Amino acid sequence: MNYRRILHGAKFWFWVALFVAYSAGAVGLVMIDTYDDRYRSLSKVQLTSVKADAEVRRAGASQVAAVYRAQSGMPFASLPSGSTFQVVWPDGSTETMVIVDPTSSLGVEPVKNSQVTAADTAKP
């Protein structure tokens, strides 16, 4: 009888831990599509893709992050230093960025080998 109670409790806590881990992982990455109206007209974003220079991509991602922060419910808590987000550039290419300094105009760094061209995303 005691063995069943322990087994039942272990199963319960296993599923609770699995749910919490999945929930934390699911909300861990923000995806920002620059084709959206609020990002499309930004000067550093309009012609940016993963093929652009790193400085151009950093500037565009910094602008996108600033607009995202400004329009979020908690602007000082969203995208803090060290957080990552994925940018979908206007041509459909994507890359993952990490916030280095939220106050800098170039405070975003691309994550190495995270760039995916638009041609690669269209393949089934």
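Start with the contacts across the whole protein chain: of those between residues at least 6 apart in sequence, 49% join residues at least 24 apart. Keep in mind that you are looking at a predicted model.

Now colour the chain by secondary structure. You should find 4 helices and 4 strands, and walking along the sequence gives the pattern α-β-α-α-β-β-β-α. Switch on the surface, too: the accessible area is about 8400 Å², with 62% of that belonging to carbon and sulfur atoms. The chain has 124 residues, and 30% of them count as buried.

**Stop one: glutamine 86**

Select residues 84–88, which make up strand S2, and pick out glutamine 86 there. Is glutamine 86 buried or exposed? Its relative accessible area is 19%, and buried means under 20%, so glutamine 86 is buried. Show its neighbours next. Leaving aside residues up to four places away in sequence, glutamine 86 touches Leu29, Val30, Met31 and Ile32, plus Thr94, Glu95 and Thr96. For a distance label, try the C-alpha atoms of glutamine 86 and valine 111: they sit 25 residues apart along the chain and are separated by 9.8 Å.

**Stop two: salt bridges**

Side chains of opposite charge can pair when their charged atoms come close. How many salt bridges does a search of the whole structure find? There are 5, and here are some to visit.

Select aspartate 37 and arginine 40. They form a salt bridge, with 2.8 Å between the closest N and O atoms. Both belong to helix H2 (residues 37–40), 3 residues apart, or about one turn of the helix. Aspartate 37 counts as exposed at 57% relative accessibility, while arginine 40, at 38%, counts as partly exposed.

Next, click on glutamate 95, one of the residues that glutamine 86 touches. Glutamate 95 forms a salt bridge with arginine 57, again with the closest N and O atoms 2.8 Å apart. Glutamate 95 is in strand S3 (residues 94–99) and arginine 57 is in helix H3 (residues 54–71), so this pair ties together parts 38 residues apart in sequence. Both glutamate 95 and arginine 57 are buried.

**Last stop: a small chain of charges**

Stay on helix H3 and select arginine 58 along with glutamate 109. Their side chains meet in a salt bridge at 3.3 Å, N to O. Glutamate 109 lies in strand S4 (residues 108–110) and arginine 58 in helix H3, so the pair ties together parts 51 residues apart in sequence. Glutamate 109 is partly exposed at 33% relative accessible area, whereas arginine 58 is buried at 14%. Finally, add Glu55 to your selection: salt bridges with shared partners join Glu55, Arg58 and Glu109 into one network.

Key:
Residues are numbered from 1 along each chain as its sequence is written. This is a predicted model: local features need pLDDT of at least 70, side-chain atom pairs count only at pLDDT 80 or more; totals for chains, interfaces and linings use all residues. Side-chain values use heavy atoms; hydrogens and water are left out. Helices (H or I, at least four residues) and strands (E, at least two) are DSSP runs, numbered from the N terminus. Buried means under 20% relative accessible area, exposed over 50%, partly exposed in between (1.4 Å probe, protein chains only). Contact means heavy atoms within 4.5 Å. Accessible areas come from the Shrake-Rupley method with a 1.4 Å probe; for residues, only the protein chains shown count as cover. A salt bridge is a side-chain nitrogen of Lys or Arg within 4 Å of a carboxyl oxygen of Asp or Glu.
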